[in-house]
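Dear colleague,

Please find below the structure I agreed to hand over, with its sequence. My notes on what was found follow directly after it.

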Amino acid sequence: QVQLVESGGGLVQPGGSLRLSCEVTGFIPGYDVMVWYRQAPGKEREFVAAITSAKHTNYAESVKGRFTVSRDNFKPRMWLQMNMLKPEDTAVYYCSFQGTNFWGQGTQVTVSS
């Protein structure tokens, strides 16, 4: 049984920072890439960032230069450091393993003054 639990969301002013965490229990053999997605109200879930076990990263254009994804392969667990937050970053953020349908419950990020 695989479980993913996201945490660290909250309310922050524009320009502020948050650090999201993704804790994983269970084991998924053969799936290497961990990903962050987000879903804003009335919109489809969209890709945010990805990281391989070799620490290679990929980001959506909208967050490049502001967000940084990292992971601990031993645990495993993953983080998303979000800086210079904008109102358009407001969404529920989810973590997963690429190519699977395992998702956590999400953590709400609200950027507002």
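The lining of the largest pocket comprises seven nonpolar residues, four polar ones and one charged residue. These assignments, like everything below, rest on a predicted model. The space in this pocket amounts to about 150 Å³. Its lining consists of V24, G26, F27, I28, P29, G30, Y31, S53, R71, N73, P76 and F97. The charged member of that lining is R71.

Turning to the overall fold, the protein contains ten strands and zero helices. Read from the N terminus, the order of elements is accordingly β-β-β-β-β-β-β-β-β-β. The radius of gyration is 13 Å, close to the 13 Å that the globule rule gives for 113 residues, so the protein is as compact as a globular protein of that length. Along the principal axes, the C-alpha atoms occupy a box of roughly 45 × 25 × 20 Å. Of the 113 residues, 43% are buried. Among contacts with a separation of 6 or more, 50% join residues that lie 24 or more positions apart.

The interior may be of particular interest to you. Which residues have the most contacts inside the largest nonpolar core? They are W36, L80, M82 and Y93, in a core of 29 residues. At least two residues of this core come from each of the following elements: strand 3 (18–25), strand 4 (34–39), strand 5 (46–51), strand 7 (67–72), strand 8 (77–82), strand 9 (91–97) and strand 10 (107–111).

For Y93, the contacts can be listed in full, leaving aside residues up to four places away in sequence. Y93 touches E6, L20, W36, Y37, R38, V48, F67, L80, M82, G106, T107 and V109. W36, L80 and M82, named above for their contacts inside the core, are thus among the partners of Y93.

Two backbone angles should also be brought to your attention. K55, a residue other than glycine, has a positive phi, near 70 degrees. K55 is located in the loop between strand 5 and strand 6 (57–59), and its relative accessible area of 43% makes it partly exposed. M84 likewise has a positive phi without being glycine, with a value near 50 degrees. The loop between strand 8 and strand 9 holds M84. Is M84 buried or partly exposed? Its relative accessibility is 46%, so M84 counts as partly exposed.

With kind regards

Key
Residues numbered from 1 in each chain as written. Predicted model: local features only at pLDDT ≥ 70, side-chain atom pairs only at ≥ 80, totals over all residues. Heavy atoms only, no water. 1 Å grid on protein atoms, 1.4 Å probe; cavity = no way out; pocket = protein on both sides within 12 Å on 5 of 7 lines; lining within 4 Å. Points joined across faces, edges and corners; volume = space filled by probe spheres on them. Core = buried A, V, L, I, M, F, W, Y, C linked by side-chain atoms within 4.5 Å. Buried < 20%, exposed > 50% of the residue type's maximum accessible area, 1.4 Å probe, protein only. Helix = DSSP H or I, 4+ residues; strand = E, 2+ residues; numbered from the N terminus. Contact = heavy atoms within 4.5 Å. Rg over C-alpha atoms; globule rule 2.2 N^0.38 Å.
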